[in-house]
Amino acid sequence: MEQRPHRRPTPCTAQSRAEQLRTAQPQVTRTVHVVENFDNFAGNAETLPVLMYHYVYTEDDPPVKNDANYLLDTKLAAQLQYLVDNNYYYPSYAEVRAFAQGTHTLPARSVVLTFDDGQMGFLNYGIPLLEQYEVPATSFIICSQDSTPEKLRDYASPYVSFQSHSYNMHRDGSDVGRGGIIHAMTTEEIVDDLKQAQAILGTTEAFAYPYGDNNENAWAAMEEAGVLCAFTIENRRVEVGDPVEALPRVRIAGEYTQEGFEHLVEPNGSEQ
Ligand SMILES: [Zn+2]
């Protein structure tokens with residue numbers, strides 16, 4: 001993870017900026033999609049892309065060691081512009097859960113944006129773009145890190161929902177899967193971790209498995225802790241019938257072209 005100095009205003013200013021946005025802008029409308037079944041002409045999504053991003057950088061502030069996890073800010077801006085131009089809908093996690101369970105329909109052009117690890121480049125360069133384009137996203141943050149309470153305070157934004165990337169499970173500790181500690185933990189221990197993260201975040205809507213590692217114990221823990229949607233790094237769209245304890249995501253890599261991005265989010269299913 002990158003460690004960079006904060007470039008945002010003091011906590012007080014950041015909070016009042018979020019306050020300003022809240023009062024200056026109308027509430028994001030939650031459209032109720034009661035879509036009749038007109039022989040598949042109704043414009044429902046058959047699958048849902050939940051995008052998995054990691055880090056954001058600028059040309060003036062490039063990463064020391066660039067890799068596919070780093071996305072240039074101008075590329076992110078073009079992607080957000082495309083979502084706005086094409087009227088994408090951003091479902092809540094309650095809606096994503098109900099979609100996977102087959103009890104809720106979504107518009108054909110629906111997408112969820114997630115950024116893992118709460119990295120400084122995302123906070124400094126990504127969040128201002130989300131605010132500029134008015135596109136909501138989730139920041140999956142590692143709650144045990146010393147910097148987390150400060151980040152939650154300094155980067156509070158109506159367009160960012162901070163959710164759990166675990167309290168302290170983002171570390172090695174097993175020989176299973178990708179080696180994550182979660183494979184060496186009991187359900188109770190995982191629930192305990194989830195609750196510690198909840199205490200810091202004040203929410204439990206979504207969870208992203210560190211390294212994508214998950215198992216039956218983890219699934220039981222998600223249920224017990226009331227997590228609505230838990231995400232892996234399996235690279236595909238969410239389909240109806242997928243377990244809400246292990247939903248896949250579509251990876252967005254730094255080298256993808258704009259056309260490649262548009263293909264990844266294009267409606268998959270019937271469209272009006
Ligand atoms: Zn991570």
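This is a short walk through one predicted model, from the overall fold to a few single residues.

Okay, so let's start with the broad view. Remember that everything here comes from a predicted model. The chain has 272 residues, and 38% of them are buried. On the secondary structure side, there are 8 helices and 11 strands. If you take the contacts between residues at least 6 apart in sequence, 66% of those join residues at least 24 apart.

Now, the core. Which residues have the most contacts inside the largest nonpolar core? Those are V50, L51, C229, A230 and F231, in a core of 67 residues. The biggest contribution comes from helix α4, residues 120-133, which puts in 7 residues.

Let me stay on A230 for a second, since we'll come back to one of its partners. Leaving out anything up to four places away in sequence, A230 touches F207, Y209, M222, V244, E245, A246 and L247.

Keep A246 in mind from that list. A246 sits in the loop between β10 and β11, with β11 being 247-251. So is A246 buried or exposed? Neither, quite: A246 has 18 other C-beta atoms within 10 Å, so it comes out as partly exposed. Beyond its sequence neighbours up to four places away, A246 touches N214, W219, A230 and T232. With T232 there's also a C-alpha distance to give: 5.7 Å, for two residues 14 apart along the chain.

Next, helix packing. As a reminder, two packed helices are described by the angle between their axes and the distance between the axes. We have two pairs to look at.

Pair one is α2, residues 73-85, with α4. Their axes come within 10 Å and cross at roughly 25°. An angle like that is under 35 degrees, so α2 counts as roughly parallel to α4. The crossing of α2 and α4 is right-handed. If you want to find the contact on screen, look on the α2 side for D73, L76, A77, L80, Q81 and V84, and on the α4 side for Y125, G126, L129 and Y133. By type, the residues of that contact are 7 nonpolar, 2 polar and 1 charged. And if you're wondering about the spacing of those numbers, an α-helix has 3.6 residues a turn, so residues three or four places apart point the same way.

Pair two is α6, residues 187-201, with α7, residues 216-225. Here the angle is about 45° and the axes are 8 Å apart. That makes α6 oblique to α7. The α6 and α7 crossing is right-handed. From α6 you have T187, I190, V191, L194 and K195, and they meet N217, A218, A220, A221, E224 and A225 in α7. The residues of this contact split into 7 nonpolar, 2 polar and 2 charged.

Then there's α3, residues 93-100. Which of its residues are buried? Y93, E95, V96, R97 and F99, so yes, there are charged side chains by name in that list. The buried residues of α3 pack against strands β1, β5, β8, β9 and β10. Right after α3 comes G102, with a positive phi near 80°.

Speaking of phi: most residues other than glycine have a negative phi, and most peptide bonds are trans. We have two residues here to set against that. N87 isn't a glycine, but has a positive phi of about 55°. N87 lies in the loop between α2 and α3, and with 8 C-beta neighbours inside 10 Å, N87 counts as exposed. The other is D117, also not a glycine, with phi near 90°. D117 is in the loop between β5 and α4. Where N87 is exposed, D117 counts as buried, with 21 C-beta neighbours inside 10 Å.

Last stop, V265, in helix α8, residues 258-265. How many other C-beta atoms lie within 10 Å of V265? There are 21, so V265 is buried. Setting aside neighbours within four places in sequence, V265 is in contact with P49 and V111. And have a look at Y82: Y82 and V265 are 183 residues apart in sequence, yet 9.9 Å apart in space, C-alpha to C-alpha.

That's my tour, happy to rotate things on screen.

Conventions: Residues are numbered from 1 along each chain as its sequence is written. This is a predicted model: local features need pLDDT of at least 70, side-chain atom pairs count only at pLDDT 80 or more; totals for chains, interfaces and linings use all residues. A nonpolar core is a set of buried Ala, Val, Leu, Ile, Met, Phe, Trp, Tyr and Cys residues joined through C-beta atoms within 7 Å. A residue is buried if 20 or more other C-beta atoms lie within 10 Å of its own, exposed if 12 or fewer, and partly exposed in between; C-beta atoms are placed from the backbone. Helices (H or I, at least four residues) and strands (E, at least two) are DSSP runs, numbered from the N terminus. Two residues are in contact if their C-beta atoms, placed from the backbone, lie within 7 Å. Axes are lines fitted to C-alpha atoms, for helices over the stretch in contact, and angles run from 0 to 180 degrees between N-to-C directions. Angles under 35 degrees count as roughly parallel, over 145 as roughly antiparallel, 65 to 115 as roughly perpendicular and the rest as oblique. A crossing is left-handed if the near helix is turned anticlockwise from the far one by less than a right angle, and right-handed if clockwise.
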